[in-house]
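Subject: Handing over the structure

Hi there,

Here is the structure I promised to pass on to you. Please have it open while you read the notes below.

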There are 2 protein chains.
Amino acid sequence: MHFETTKDGFTLAIGNRTILSHSSENPAFFAGFGKERMDMYRGNFNIEDYVIERNALRHAEVSGDSVTLASAPGQAPRLRLTLDGNAMRLTALDDTINRLWLRVVAETDEHVWGGGEQMSYFDMRGRRFPLWTSEPGVGRDKTTEITFKSDVSGKAGGDYYNTNYPQPTYLSSRRYALHVETSAYSVFDFRNGDFHEIEIWAIPEKIEFFAGDHFTDIVSALSLRFGRQPQLPEWVYNGAIIGLKDGVNSFARLEKIRAAGTKVSGLWCEDWVGLRQTSFGARLFWDWQANDTRYPHLRQKIAELADQGIRFLGYVNPYLCVDGPLFPVAEKAGYFATDAEGKTALVDFGEFDCGVVDFTNPAAADWFAEEIIGRNMLDFGLSGWMADFGEYLPIDITLSNGVDAKLMHNAWPTLWAEVNAKAVESRGKTGEALFFMRAGFTGVQAHCPLIWGGDQSVDFSRHDGLVTVICGALSSGLMGNAYHHSDIGGYTSLFGNVRTAELIMRWTEMAAFTPVMRTHEGNRPRDNLQIDQDEAVLAHFARMTSIYVALAPYLKSLSAEAARTGLPVQRPLFLHYENDWQTYTIQDCYLYGADMLVAPVWKAGETQRSLYLPGDGEWVHLWSGAHYPGGQDVTVEAPLGEPAVFYRADSSHRPLFEQLRTIG
Amino acid sequence: MHFETTKDGFTLAIGNRTILSHSSENPAFFAGFGKERMDMYRGNFNIEDYVIERNALRHAEVSGDSVTLASAPGQAPRLRLTLDGNAMRLTALDDTINRLWLRVVAETDEHVWGGGEQMSYFDMRGRRFPLWTSEPGVGRDKTTEITFKSDVSGKAGGDYYNTNYPQPTYLSSRRYALHVETSAYSVFDFRNGDFHEIEIWAIPEKIEFFAGDHFTDIVSALSLRFGRQPQLPEWVYNGAIIGLKDGVNSFARLEKIRAAGTKVSGLWCEDWVGLRQTSFGARLFWDWQANDTRYPHLRQKIAELADQGIRFLGYVNPYLCVDGPLFPVAEKAGYFATDAEGKTALVDFGEFDCGVVDFTNPAAADWFAEEIIGRNMLDFGLSGWMADFGEYLPIDITLSNGVDAKLMHNAWPTLWAEVNAKAVESRGKTGEALFFMRAGFTGVQAHCPLIWGGDQSVDFSRHDGLVTVICGALSSGLMGNAYHHSDIGGYTSLFGNVRTAELIMRWTEMAAFTPVMRTHEGNRPRDNLQIDQDEAVLAHFARMTSIYVALAPYLKSLSAEAARTGLPVQRPLFLHYENDWQTYTIQDCYLYGADMLVAPVWKAGETQRSLYLPGDGEWVHLWSGAHYPGGQDVTVEAPLGEPAVFYRADSSHRPLFEQLRTIG
């Protein structure tokens with residue numbers, strides 16, 4: 001990779017791909033100055049920029065691996081670019097600059113994917129994506145009533161680009177990936193014909209490029225760059241993780257679920273810390289230790305579950321409520337982020353305030369890892385937990401490392417993952433204890449063993465329902481997150497929107513073909529159907545856990561492959577059919593490893609599924625055994641219990657796949 | 001007015017008011033280049049700008065009455081400013097520029113008013129106002145269901161700044177006004193503490209300044225600048241204009257309304273052109289001549305009405321439907337704007353297409369004025385009409401004068417007004433025939449004798465109900481529009497939102513204290529209460545027309561004053577109490593001339609009204625005769641029929657005002 005001087009500027013290419021093309025007529029770099037307007041309300045941000053200056057850096061002077069850019073000849077240089085391996089380092093030569101816009105060469109028919117975990121659009125071409133970790137929104141579609149009501153009642157409706165896990169990285173169909181190394185607010189704008197515009201509210205440290213002959217090479221390289229997860233713990237293959245938050249009743253309900261033939265690997269009780277009553281309903285008590293009132297003798301119960309081969313999982317997040325016993329300990333030690341007056345910054349989470357443990361303070365991070373996750377959770381017997389939040393770092397607090405909270409905001413999910421991973425490692429449980437996160441950012445891959453797709457609405461909606469978790473798995477998978485899963489049945493039930501049996505069943509049968517099956521009772525358990533409340537739903541669920549368990553040897557091979565190559569378990573079709581452009585925009589099917597293709601039914605009332613079978617090989621329909629040649633659109637029957645799943649006729653796992661057909 | 005050279009730039013002051021303060025550190029001028037994204041759907045626009053360059057013009061060279069601006073010393077000059085009387089002319093010296101941003105010195109506690117006819121916020125400080133003529137929106141408040149549903153069903157919800165009549169002119173509490181002479185899309189941004197930012201999508205011809213010791217002086221100057229309306233026609237003082245669109249039934253209904261004691265000056269039948277049935281409901285037939293089927297013997301009827309002292313009014317707009325007889329005539333003559341292929345550009349108005357008469361073609365404008373308005377309307381016997389639309393000029397059509405439709409869009413309402421005024425003048429009926437428009441822009445004042453506040457929702461809502469027409473009257477009044485009125489009872493009834501008797505009565509009693517009382521049946525007459533369908537409503541209405549007629553001598557004096565001084569009939573309190581800052585933000589009361597203060601009840605269910613009485617004189621409550629000293633907040637009883645109206649105790653019109661109390 002080197003700069004090529006042209007008549008009036010320069011180009012930068014990777015192999016035969018021109019990435020940058022700069023001239024005074026068509027400059028690729030713009031620098032300037034802006035004042036942002038940012039408001040946060042419970043993890044939802046209202047962000048607007050006032051761009052005061054945006055100057056084209058028309059004049060370039062190339063000198064070997066370095067380029068100096070200025071507005072015009074004779075003007076003071078404002079930016080330096082220096083090549084360093086596969087990266088282009090950026091140095092501001094003018095300290096008034098706080099905005100950078102960069103144009104990357106694009107082709108008209110190019111496709112781009114990534115941006116972290118995107119829930120609405122897998123192919124990002126044609127749209128603009130702000131990259132800022134936040135609540136993803138409820139409804140996420142300004143034309144729906146739920147979005148409207150969420151916006152009005154809590155500024156919480158969201159839009160297509162809102163995500164818990166943004167990352168300024170994309171993969172292009174031109175067979176290269178680009179990563180911006182920055183935690184500043186940034187925007188990928190893929191709306192233009194001959195360039196992509198990248199906007200960054202800082203001068204980023206560097207921009208990295210990854211090229212390869214095949215998409216799989218590039219994804220492997222990204223996985224190495226951002227960190228590779230350990231293989232899935234062995235215990236997960238034993239069945240589903242059952243989410244119940246019903247206090248001691250949870251154990252009896254688990255028994256009933258197992259009695260129906262359900263294969264269970266774990267019991268997940270987020271209410272293990274106890275409850276708090278608010279006008280919104282019951283909330284968890286945000287002080288991270290077992291609550292003896294809600295779960296008497298929990299240690300004993302955990303041991304009894306272990307005897308039956310079932311793990312116990314809990315819940316934690318990076319806040320401590322003011323009325324819990326841990327708060328004064330942390331406050332006394334100075335572990336909290338502070339406000340403008342130097343006092344503990346308190347964040348309102350809805351009728352209760354919390355302190356934000358300041359993970360930029362190594363002592364605070366260590367304390368949280370050792371005392372809370374290490375002692376209160378791992379030593380207590382937990383085998384996993386939801387490591388919730390990470391997206392809410394307020395932008396107006398003061399942090400121990402002295403960095404502006406606006407610059408730490410995006411970095412927070414990764415710091416939070418690191419605290420969790422460190423605790424797990426301290427007990428020698430890496431690859432054994434399983435925590436899962438919705439929040440993410442660059443580098444989360446190295447620490448978080450499992451992504452969870454966040455809080456979908458309990459419906460089939462296009463932008464907040466079942467189908468969105470496929471998009472989340474595919475996009476995050478390309479960024480080096482091998483393992484993705486979601487709340488079976490969705491989470492958010494508001495404004496009378498409640499789960500149907502059909503929704504739970506469709507979600508269940510998709511989850512059987514993902515790395516982890518896990519249920520959630522949702523935000524309003526009593527208003528919503530649960531898997532143990534309907535005989536047909538429970539029977540269907542039980543059968544799907546058997547399929548999951550039967551398929552475990554295949555999943556285990558994918559997990560080994562992920563550790564070896566960085567390829568995710570759930571893959572976009574184009575990853576293995578890269579010359580077939582028809583696959584580039586598909587986001588409602590996925591390859592489950594190279595040999596299986598899964599097309600979940602994601603619309604209500606449908607009993608057939610149409611999909612495109614890629615390649616020139618033969619595909620076998622999982623349930624009927626019917627053969628279909630690849631390279632065509634097909635429609636298959638897909639009644640409840642038979643999601644459209646196919647496997648390659650030439651797969652070495654074919655005997656295993658055929659066996660699934662026999663599970664009644 | 002002259003440029004004052006400073007150490008590092010210059011200033012421009014009017015009297016003791018510094019208006020511009022430019023230095024290389026804090027430049028007042030920014031120039032650049034943008035690409036707009038504009039979509040129109042039935043008069044509703046989606047507008048976004050992609051600002052590619054925004055460069056501070058830091059370097060200024062002052063030479064007498066001229067300043068040359070460049071990005072930096074030694075760089076090519078990009079903009080020239082030249083003083084010319086009370087104006088600063090602008091000349092682009094760089095033809096790549098298509099955006100200009102200008103910062104005007106502001107004071108923290110400054111207030112600003114104007115922007116054309118603003119319906120939501122009278123004091124514009126703290127907000128940003130795009131200035132682009134369009135539909136104003138239904139609901140105009142993103143937190144309401146009606147706005148949401150309008151947005152989803154027709155992109156029609158609108159927002160606080162949407163208006164039929166924008167104008168890039170403001171009046172400042174620093175006692176100056178600023179006007180930008182341009183028809184390009186522009187934005188007034190009043191959100192900053194020490195400057196106002198003006199954005200223009202072109203280099204404007206000039207920026208004009210108007211200063212005076214008193215607000216009244218400045219408003220008079222603006223009125224002279226933009227054109228002064230003739231006095232109200234004498235016939236208007238005879239009572240209300242009754243809007244009915246019920247074909248021949250309209251005459252019988254008018255009789256019933258008159259029999260209830262209603263004073264009537266005119267009958268307004270917008271359906272005089274006939275109807276078209278669409279799935280939306282009955283629409284007018286957009287071909288501008290009397291329809292003999294819907295109104296047989298209309299000429300005769302008009303004569304009979306005239307015998308009773310009642311005028312007849314109709315409706316016209318600048319389009320011609322493809323299936324009417326006028327369309328082929330206009331098309332053959334080449335009077336229509338054309339599309340990219342040179343064919344007549346057709347605009348879809350909902351199941352019917354129309355041609356746009358191209359008023360930049362003098363022959364087309366003359367034809368419309370002479371043949372349509374002159375012959376078909378005035379000669380036919382019409383005494384007035386709603387001159388509807390003017391905001392919809394599509395931005396992608398080709399016009400006869402060769403100017404980009406994006407630059408003609410804002411200018412269109414004024415051209416439309418001019419066609420109407422020319423027709424009226426050709427028949428010697430200026431000041432006698434009364435047409436009313438909702439659309440407007442700079443210069444509409446010279447042609448349009450009466451503003452109508454557009455299509456309010458039939459409710460008491462804050463951003464689209466009764467109260468908004470006060471804001472519309474006050475803002476447009478400052479721009480030199482002396483006469484404002486509105487549809488009694490509002491217009492838009494959608495999504496089950498219908499008129500209440502209370503709404504009609506409150507609107508009626510406000511209208512009695514405006515230049516013109518006029519009813520409208522609304523967009524869905526059958527679903528909504530009409531003044532002749534409820535005895536109490538009709539009795540209240542009749543009484544209010546008596547009050548209007550009794551007050552006519554006072555209104556006539558205000559009309560004479562308007563012709564003499566340019567002061568509007570409805571005035572913000574600060575116009576006569578300019579040293580009382582408390583009055584600067586009041587937008588739900590108005591002075592009706594200098595001697596009367598009107599505070600309509602604009603919320604449902606209220607029977608009292610609180611308001612601020614300005615000044616140190618005494619005010620008399622119209623209905624009770626109770627005296628109140630000025631300079632205080634008061635609350636008075638305001639049952640139906642007794643809106644909170646006060647008059648100055650020292651008014652020369654006091655006997656007339658006292659007489660109103662006796663009208664039962």
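Below is what I found in it, going from whole chain to single residues.

Please keep in mind that this is a predicted model.

**Chain A as a whole**

Chain A contains 13 helices and 39 strands. How does the radius of gyration of its 664 residues agree with that of a compact globule? A compact globule with 664 residues would have a value near 26 Å, and chain A has 25 Å, so the two agree. Its C-alpha trace spans about 80 × 65 × 50 Å along the principal axes.

Burial and contacts can be read alongside that. Of the 664 residues in chain A, 64% are buried. Among contacts with a separation of 6 or more, 69% are between residues 24 or more positions apart. The accessible surface of chain A is about 22,300 Å², and carbon and sulfur atoms account for 48% of that surface. As for charge, chain A carries 59 positive and 84 negative charges, yet their mean positions are 1 Å apart.

**How the two chains are related**

In general, two copies of a chain are related by a rotation about an axis and a shift along it. Here, chain B is superposed on chain A by a rotation of 180° with 0.0 Å of shift along the axis, at an RMSD of 0.0 Å. This is therefore the relation of a two-fold axis. Both copies use the same surface, as 100% of the contact residues of chain B recur in chain A. If you would like a residue to help you find the axis, try R54(B): its C-alpha comes closest to the rotation axis among the residues of chain B, at 2.4 Å.

**Two buried residues in chain A**

W416(A) sits in helix 8, which runs over residues 412–426. Is W416(A) buried or exposed? Its relative accessibility is 0%, so W416(A) counts as buried. Leaving aside residues up to four places away in sequence, W416(A) touches V316(A), N317(A), P318(A), F359(A), F368(A), A387(A), D388(A), F389(A), G390(A) and M437(A). One of these partners, D388(A), is 28 residues from W416(A) along the chain, with 9.3 Å between their C-alpha atoms.

V634(A) belongs to strand 38, residues 632–637. With a relative accessibility of 7%, under the 20% cut-off, V634(A) also counts as buried. Beyond residues up to four places away in sequence, V634(A) is in contact with R609(A), S610(A), L611(A), L613(A), Y628(A) and F646(A). P328(A) lies 306 residues from V634(A) along the chain, and their C-alpha atoms are separated by 62 Å.

**Two residues with positive phi**

Most residues other than glycine have a negative phi, so two backbone positions are worth a look.

- F389(A), which W416(A) touches, has a positive phi of about 60° although it is not a glycine. F389(A) is in the loop between strand 26 (384–387) and helix 7 (405–408) of chain A, and is buried, with a relative accessible area of 8%.
- K155(B), also not a glycine, has a positive phi of about 50°. K155(B) is in the loop between helix 1 (145–154) and strand 13 (166–172) of chain B. Unlike F389(A), which is buried, K155(B) is exposed, with a relative accessible area of 58%.

Happy browsing, and best wishes!

Key
Residues are numbered from 1 along each chain as its sequence is written. Chains are lettered from A and ligands numbered from 1 in the order in which they are written. This is a predicted model: local features need pLDDT of at least 70, side-chain atom pairs count only at pLDDT 80 or more; totals for chains, interfaces and linings use all residues. Side-chain values use heavy atoms; hydrogens and water are left out. Helices (H or I, at least four residues) and strands (E, at least two) are DSSP runs, numbered from the N terminus. The radius of gyration is taken over C-alpha atoms; the globule rule is 2.2 Å times the number of residues to the power 0.38. Buried means under 20% relative accessible area, exposed over 50%, partly exposed in between (1.4 Å probe, protein chains only). Contact means heavy atoms within 4.5 Å. Accessible areas come from the Shrake-Rupley method with a 1.4 Å probe; for residues, only the protein chains shown count as cover. Lys and Arg count as positive and Asp and Glu as negative; His and the chain ends are not counted. The place of a charge is taken as NZ of Lys, CZ of Arg, CG of Asp or CD of Glu. Copies are superposed by least squares on the C-alpha atoms of residues with pLDDT of at least 70 in both.
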